[in-house]
Amino acid sequence: MPNIKIFSGSSHPDLSQKIADRLGLELGKVVTKKFSNQETCVEIGESVRGEDVYIVQSGCGEINDNLMELLIMINACKIASASRVTAVIPCFPYARQDKKDKGFFDIPVDNLYAEPAVLKWIKENIPEWKNCIIVSPDAGGAKRVTSIADRLNVDFALIHKERKKANEVDRMVLVGDVTDRVAILVDDMADTCGTICHAADKLISAGATKVYAILTHGIFSGPAISRINNACFEAVVVTNTIPQEEKMKHCPKIQVIDISMILAEAIRRTHNGESVSYLFSHVPL
Amino acid sequence: GFCRILTVNFVMNVAKSGYRVFSANSSAACTELAKKITERLGVELGKSVVFQESNSETRVDVKESVRGQTIFIIQTIPRDVNTAIMELLVMAYALKTSCAKNIIGVIPYFPYSKQCKMRKRGSIVCKLLASMLAKAGLTHIITMDLHQKEIQGFFSFPVDNLRASPFLIQYIQEEIPDYRNAIIVAKSPAAAKRAQSYAERLRLGLAVIHGEAQCSESDMADGRHSPPCVRNTTGHTGLELPLMMAKEKPPITVVGDVGGRIAIIVDDIVDDVGDFVAAAEILKERGAYKIYIMATHGLLSADAPRLIEESAIDEVVVTNTVPHEVQKLQCPKIKTVDVSMILAEAIRRIHNGESMAYLFRNITVDD
């Protein structure tokens, strides 16, 4: 493809390489480092004049460092006369402090969905999927869960927190019937995993035969890994928006869905001026 | 009509409320300076909580109303620069969206000030940072000894660039017994102007160190600079090499006579100390019997404490713009000068709308 360059920040080089491979491109040369005073330094190693530039940086790990690195890379490309600079941010940081809706940005935002890849994984990896039940660990995820349940033509359930009094622990209430079913918990993020581990316990005691958890972004900070190891999951499945190799060494229950093809296809379509909305319901091969 | 105008003026005067001072740093070492400043001002530090969540996202909660008030945010920059910047941005934005009237950043050491020029296909990070601070809601900045004064031009709002030199000069006069037998040294020609301004005020001689003794980062400028570089070393050795194609650099040499004198090297930042150590070596060789380093910002990165301890340097004197307690524990040669007084005074004057000229009365044009 003429006039396109893809650069990787240091947050997730593996995903960047996968994206570039799928597009049949080499990653652009860039040096990112820190001076001894910990200030970030970026030097683009090739000409980007007139190019359509994509910078892949995920909001994971040391978020503020990676964010600063991304901003500096974008700035460097603009000063070097790139014709357009697009940031590809698989896991968008600070998403719970602000909503990542289009209205909050002055520039175009394409919020892609992992849903098609999740549906594909369920059909290929859960034998009993036709009789499963999709569960949301909180009331806020109901829409997400019903969307998946409808496409699989299965039932859904949700767990909501009932707060009795100010200093009492929230009670988790299951709404829906999971008896003798394989339960699939679906959520967008797995951070400390307190909520989904409680939810799994709840589902087992309510009669579910197996519990899977499928989460788009596997942040897994703090006590998350040990909580998962001690909980009753069949598998905890995340996408590779965030690097998972290290965590998988400490937790055999974690499995990864590769979404590099969705991002690669989004880049290709954006570059060619094609519609990106096809990706909202289809997984590119 | 007449009565209405009077009423509006009266309301405005009554509404001119006090000011609040917040610290946006999450670590205790960094809030030391903020505490000193608020003690001098006789005010309480504003109630806020700043921390990193388990996934390392920064979180800021302002615990009191700031509506219509003038707010000063004191932010010191520790090792974790990018987090400190994020803390400041998040707090500024939180205050802006909570209807604070003015938000003044007190950033004694301004980060990324060494990345203020175009280098190959780099980014002028300092300009990026200035834009980000404005976007986040800052309306004014107080800082100290900006690495390049021209950085003030990157900002769309006022920048007060205070000077530490009066404090460092006072230290020289009060703590160095033999100071009248001293000579002020610039460790490279780039530092000569600042060294000269100290020498003038102390009525001492000047010496300049010139030439390359150590190998610097290979950071060849490739003509992308605007305007084109002149045949000079500019900025810090280690960041930019001269444009001259001939690789013959003169061996390190001292211009000026330091024999039998106390050498006082002055600079704005002590970060990597390699060139300071090399300078001390050559000064000792040329007969200086004591060597001091005086600088505003003591970053003292990497293994600076160990290198200083093992070197010919007798004392490194820096201000408390940058926290360096850890380095002091590792190296007793490091001494601190407290500049909270001038920062507190700047805050007081800005809030009262008084002139800042008094704070610059003993500053020469080259300082």
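**Two chains, their sheets and their interface**

In chain B, five strands come together in an open sheet, and reading across that sheet the order is 1-4-5-6-7, with parallel pairing throughout. I should say at once that what we are looking at is a predicted model, and please keep that in mind for each value I mention. At the edges of this sheet stand strand 1 (19-23) and strand 7 (159-162) of chain B, each of which pairs on one side only. Neighbouring strands here are turned against each other by 20° on average, if we ignore the direction of the turn.

For those who are new to sheets, it may help to recall that strands pair through backbone hydrogen bonds, and that they may do so in a parallel or an antiparallel way. As an example from chain B, strand 6 (residues 140-144) runs parallel to strand 7, and four bridges join the two. If you would like to find that pairing on the screen, look for Thr143(B), which stands opposite Asn161(B) in strand 7 of chain B. A helix also packs on this sheet, namely helix 2 (residues 28-41) of chain B, which touches strand 1 and strand 4 (70-74) of chain B, and whose direction makes about 160° with that of strand 1 of chain B.

Let me add what the record says about this chain. UniProt, in an unreviewed entry, lists residues 27-137 of chain B as "domain: Ribose-phosphate pyrophosphokinase N-terminal". Over residues 27-137 of chain B, the model has 39% helix and 19% strand, and the C-alpha atoms at the two ends are 23 Å apart.

Now we turn to chain A, where three strands form an open sheet in the order 1-4-5, again with parallel pairing. Strand 1 (4-8) and strand 5 (84-88) of chain A have a single partner strand each, and therefore one side of each is left without a neighbour in the sheet. From one strand to the next, the twist averages 20°. Strand 4 (residues 52-56) of chain A pairs with strand 5 of chain A over five bridges, in the parallel sense, and within chain A we find Ile55(A) opposite Ala87(A) in strand 5.

How, then, do the two chains meet? Here 41 residues of chain B are in contact with 38 residues of chain A, and between them the chains bury about 3100 Å², of which 49% is on carbon and sulfur atoms. Glu57(B), Asn82(B) and Arg121(B) supply 22% of the area that chain B buries against chain A, more than any other three residues. Strand 3 (58-62), helix 3 (81-97) and helix 4 (125-136) of chain B are the elements that give two or more residues to the side touching chain A.

What kinds of contact cross this interface? There are 18 residue pairs in polar contact between chain B and chain A, whereas the count of salt bridges between them is zero.

Over all chains, however, a search of the whole structure finds 28 salt bridges. One of the salt bridges joins Arg181(A) to Asp155(A), with the closest N and O atoms 2.6 Å apart. Because Arg181(A) lies in the loop between strand 8 (171-175) and strand 9 (182-190) of chain A, while Asp155(A) lies in strand 7 (residues 155-162) of chain A, the pair ties together parts that are 26 residues apart in sequence.

Definitions and conventions: Residues are numbered from 1 along each chain as its sequence is written. Chains are lettered from A and ligands numbered from 1 in the order in which they are written. This is a predicted model: local features need pLDDT of at least 70, side-chain atom pairs count only at pLDDT 80 or more; totals for chains, interfaces and linings use all residues. Side-chain values use heavy atoms; hydrogens and water are left out. Two strands pair if DSSP finds at least two bridges between them. Axes are lines fitted to C-alpha atoms, for helices over the stretch in contact, and angles run from 0 to 180 degrees between N-to-C directions. UniProt positions are given in the numbering used here, feature names are shortened, and annotations may be inferred rather than shown by experiment. Contact means heavy atoms within 4.5 Å. Buried area is the accessible area (1.4 Å probe) that two parts lose on being put together, summed over both. A salt bridge is a side-chain nitrogen of Lys or Arg within 4 Å of a carboxyl oxygen of Asp or Glu. A polar contact is a pair of N or O atoms within 3.5 Å; within protein, one must be able to donate a hydrogen and the other to accept it, and residues adjacent in sequence count only if both atoms are side-chain atoms.
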